[in-house]
Amino acid sequence: MKSYLPRYLSSSSGATGGEEGDSVLMKGRTRTSVESLPGELDGGIYDACVANILAQPLCGLVETIARMVKPGGGIGLSGILSYQADMVIDSYREYFDHVKVAEEREGWILITGTRK
């Protein structure tokens, strides 16, 4: 499976802290290379973004997710423990309206919002 970074987070931009940042963000254990997204797939063109990862990485990716979702587009963020809700909501409010806990189940929550 090929892995891509949005152009503004590629290691050539220095925004992720180079190779170490790239490996934390995208490579994972089994991935060996990361390329920038093709131009036609990069930028605020997506109607929605759904991410099921832990709260800390979600907070670190707020600008990336915001740049990928077009105005009026939605987010669905999960992999968040209920006590982490305020941290994630506060991180996303700068770029998204109506950021809220939409559902909670067994201590895990779903946060939704709409791109400003």
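**Exercise 1. Placing G72**

Work out whether G72 counts as buried or exposed, and find its contacts.

*Solution.* Start with the accessibility: G72 counts as exposed because its relative accessibility is 55%. The cut-offs here are under 20% relative accessible area for buried, over 50% for exposed and partly exposed in between, with a 1.4 Å probe and protein chains only. Before going on, note that this is a predicted model, in which local features need pLDDT of at least 70, side-chain atom pairs count only at pLDDT 80 or more, and totals for chains, interfaces and linings use all residues. Residues are numbered from 1 along each chain as its sequence is written, and side-chain values use heavy atoms, with hydrogens and water left out.

Next, locate the residue: G72 is found in strand β4. Helices (H or I, at least four residues) and strands (E, at least two) are DSSP runs, numbered from the N terminus. Then look for partners. Leaving aside neighbours within four places in sequence, G72 is in contact (heavy atoms within 4.5 Å) with T114 and R115. Finally, check the distance: G72 and T114 are 42 residues apart in sequence, yet 5.7 Å apart in space, C-alpha to C-alpha.

**Exercise 2. Assembling the sheet**

Find the strand order of the open sheet of 4 strands that contains β4.

*Solution.* Two strands pair if DSSP finds at least two bridges between them. Take β3 (residues 46–52) as the starting point: 6 bridges join β3 to β4, and the two run parallel. In this pairing, Y46 has V69 of β4 as its bridge partner, and C49 has I75 of β4.

Now move to the next neighbour. β4 and β6 pair in the antiparallel sense, over 6 bridges, and here the bridge partner of G74 is T114 in β6.

Put together, the order is β3-β4-β6-β5, with mixed pairing. The edge strands are β3 and β5, each pairing on one side only. On average, neighbouring strands of this sheet are turned by 15 degrees against each other, direction ignored; the axes behind such angles are lines fitted to C-alpha atoms.

**Exercise 3. Reading helix α4**

Which residues of helix α4 are buried, and which elements do they pack against?

*Solution.* First list them: in α4 (residues 85–92), the buried residues are A85, V88, I89 and Y92. Seen down the axis of α4, these buried residues fall within an arc of 100 degrees, so they line one face of the helix. That arc is taken from the directions from the helix axis to the C-beta atoms. On the other side of α4, D86 and D90 are exposed.

Then look outward from the buried face: its residues pack against α2 (55–60), α3 (62–68), β4 (69–81), β5 (96–105) and β6 (108–115).

**Exercise 4. Finding the core**

How many residues does the largest nonpolar core have, and which elements give two or more residues to this core?

*Solution.* A nonpolar core is a set of buried Ala, Val, Leu, Ile, Met, Phe, Trp, Tyr and Cys residues joined through side-chain atoms within 4.5 Å. The largest one has 21 residues, and those with the most contacts inside it are I65, L77, I80, V88, Y92, F96 and I111. The elements giving two or more residues are α2, α3, β4, α4, β5 and β6.

Take L77 as a worked case. Setting aside neighbours within four places in sequence, L77 is in contact with A51, L58, V88, Y92, I109, L110 and I111.

Technical notes: Axes fitted to C-alpha atoms, helices over the stretch in contact; angles between N-to-C directions.
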